[in-house]
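Thanks for coming. I will walk through one structure this morning, and I will start with a term before going to the parts.

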Amino acid sequence: MFHLQLIKLLFFRVLLFIYLTTGSFVSMAEETFYLAVGLSRPPYVIQENNKGYEIELMTQVLAKMNRTASFIYVPYGRSPQMFDLKGIDAIMTTNKSVVKDETMLSDVYVTYQNVAVTLRVDNLKINDISELKNYTLASFQNADNVLGEEFKKATELSPLFMEVANQERQITLLLKRRVDSLIIDKNIFKYYANALGLTDLESTFTFHYVFPKTHYRVAFRYPKDVVSFNKALAEFSESVEHNRLIDKYSLR
């Protein structure tokens, strides 16, 4: 009788262990992680179908953390305020200049290369950010805050400076000579230029590399998530899947 009760007790404990173990994994896999992200910036963010390098990278990295990514699209300049709302777990495409508490910030997960773009036939020589003050400019939203004080001063002295939400329109403004120069990430420029049927970019445009590269991180509401994310990001960065994602969006 004693042996039968012992067997039943052991069997119950085994079942309880299996339930608790598998149950915890199931609940983690089903946990939705809400991320605030700026509006479309292809090839990094393509809002229409939840695609793009950043979106797909975050989806795969969070999957390694047993989280399901859900993206909340907001105007770029408003994303830092998203932690004021309940339910937002993280903010994408941010850095130390925006989020001051570094314990909330992940390792760098994406790097942008902003450039000044001019028409090659204009033969403009731009070797320094300060020289942009001599030209009419069209940039992405919030560029005067993101790209540093020297650029901000140049925009204040420029004959015309405009921020354009639709970055495809930036290229049209340049082609129609409404502005002398665009301020834009080179990969975003290439994406929209190709969409407009412009293929031989080097013969049509001049790219002035006056800006340093901009490194972006993810800000997490809870610093404990930073450690898990950094580990998963490091693993994914060394994977075949990451190389495929880079090639998919021509980011090499």
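A residue counts as buried when its relative accessible area is under 20%. By that cut-off, phenylalanine 205 is buried, because its relative accessibility is 0%. Please keep in mind that this is a predicted model.

First, the overall picture. The protein chain has 252 residues, and 45% of them count as buried. There are nine helices and ten strands in the chain. If we take the contacts with a separation of 6 or more, 71% of them come from residues 24 or more positions apart.

Now to the open sheet. In what order do its five strands stand? The order is β2-β1-β3-β10-β4, and the pairing is mixed. β2, residues 68-74, and β4, residues 110-112, are at the edges with a single partner strand each, so each has one side without a neighbour in the sheet. On average, neighbouring strands here are turned by 25° against each other, ignoring direction. As a general reminder, strands of a sheet pair through backbone hydrogen bonds, in either a parallel or an antiparallel way.

At one of those edges, β4 pairs with strand β10, residues 214-220, in the antiparallel sense over three bridges. Within this part of the model, threonine 111 has histidine 215 in β10 as its bridge partner. Helix α2, residues 53-64, packs on the sheet. α2 touches β1, β2, β3, β4 and β10, and its direction makes about 150° with that of β2.

Let me stay with α2 for one residue. Leucine 62 is placed in this helix, and leucine 62 is buried, with a relative accessible area of 0%. What does leucine 62 touch, leaving out residues up to four places away in sequence? The answer is Phe33, Leu35, Arg67 and Ala69. Leucine 62 also sits 7.5 Å from alanine 232, C-alpha to C-alpha, although the two are 170 residues apart in sequence.

Next is strand β8, residues 181-185. Is β8 mostly covered or mostly exposed? β8 is mostly covered, with five of its five residues buried. Ser181, Ile183 and Asp185 are on one side, Leu182 and Ile184 are on the other, and both faces are covered.

β8 has pairings with two strands I want to show. With strand β5, residues 114-119, β8 pairs in the antiparallel sense over four bridges. There, valine 115 has isoleucine 184 of β8 as its bridge partner. With strand β6, residues 137-139, β8 runs parallel, and three bridges join them. In that pairing, leucine 137 has serine 181 of β8 as its bridge partner.

Moving on to two helices that meet. Helix α5, residues 167-175, and helix α6, residues 186-195, have axes that come within 9 Å and cross at roughly 75°. That angle makes α5 roughly perpendicular to α6. From α5, the contact is made by Gln167, Glu168 and Ile171; from α6, by Ile188, Phe189, Tyr192 and Ala193. Sorted by class, this contact has five nonpolar residues, one polar and one charged.

The last topic is the aromatic rings. In general, a pair of rings is described by the distance of the centres and the angle of the planes. How many aromatic pairs does the structure hold? It holds nine.

One of these is formed by tyrosine 44 and tyrosine 112. The ring centres of tyrosine 44 and tyrosine 112 are 4.0 Å apart and the planes are at 15°, so this pair is stacked. Tyrosine 44 lies in the loop between β1 and α2, whereas tyrosine 112 lies in strand β4, so the pair ties together parts that are 68 residues apart in sequence. Tyrosine 44 is buried at a relative accessible area of 1%, and tyrosine 112 is buried at 5%.

Another pair brings us back to phenylalanine 205, whose partner is phenylalanine 189. Their rings are edge-to-face, 5.0 Å centre to centre with 85° between the planes. Phenylalanine 189 is in helix α6 and phenylalanine 205 is in strand β9, 16 residues apart, and the pair links distant parts of the chain. Phenylalanine 189 counts as buried, at 0% relative accessibility.

Finally, Phe33, Phe220 and Phe229 are linked into a cluster by ring pairs. Phe33 came up before, among the residues that leucine 62 touches. That is where I will stop.

Conventions
Residues are numbered from 1 along each chain as its sequence is written. This is a predicted model: local features need pLDDT of at least 70, side-chain atom pairs count only at pLDDT 80 or more; totals for chains, interfaces and linings use all residues. Side-chain values use heavy atoms; hydrogens and water are left out. Axes are lines fitted to C-alpha atoms, for helices over the stretch in contact, and angles run from 0 to 180 degrees between N-to-C directions. Angles under 35 degrees count as roughly parallel, over 145 as roughly antiparallel, 65 to 115 as roughly perpendicular and the rest as oblique. Contact means heavy atoms within 4.5 Å. Ala, Val, Leu, Ile, Met, Phe, Trp, Tyr, Cys and Pro count as nonpolar, Asp, Glu, Lys and Arg as charged, and the others, Gly among them, as polar. Two strands pair if DSSP finds at least two bridges between them. Buried means under 20% relative accessible area, exposed over 50%, partly exposed in between (1.4 Å probe, protein chains only). Rings of Phe, Tyr and Trp (its six-membered ring) pair if their centres lie within 6.5 Å; planes under 30 degrees apart count as stacked, over 60 as edge-to-face and the rest as tilted.
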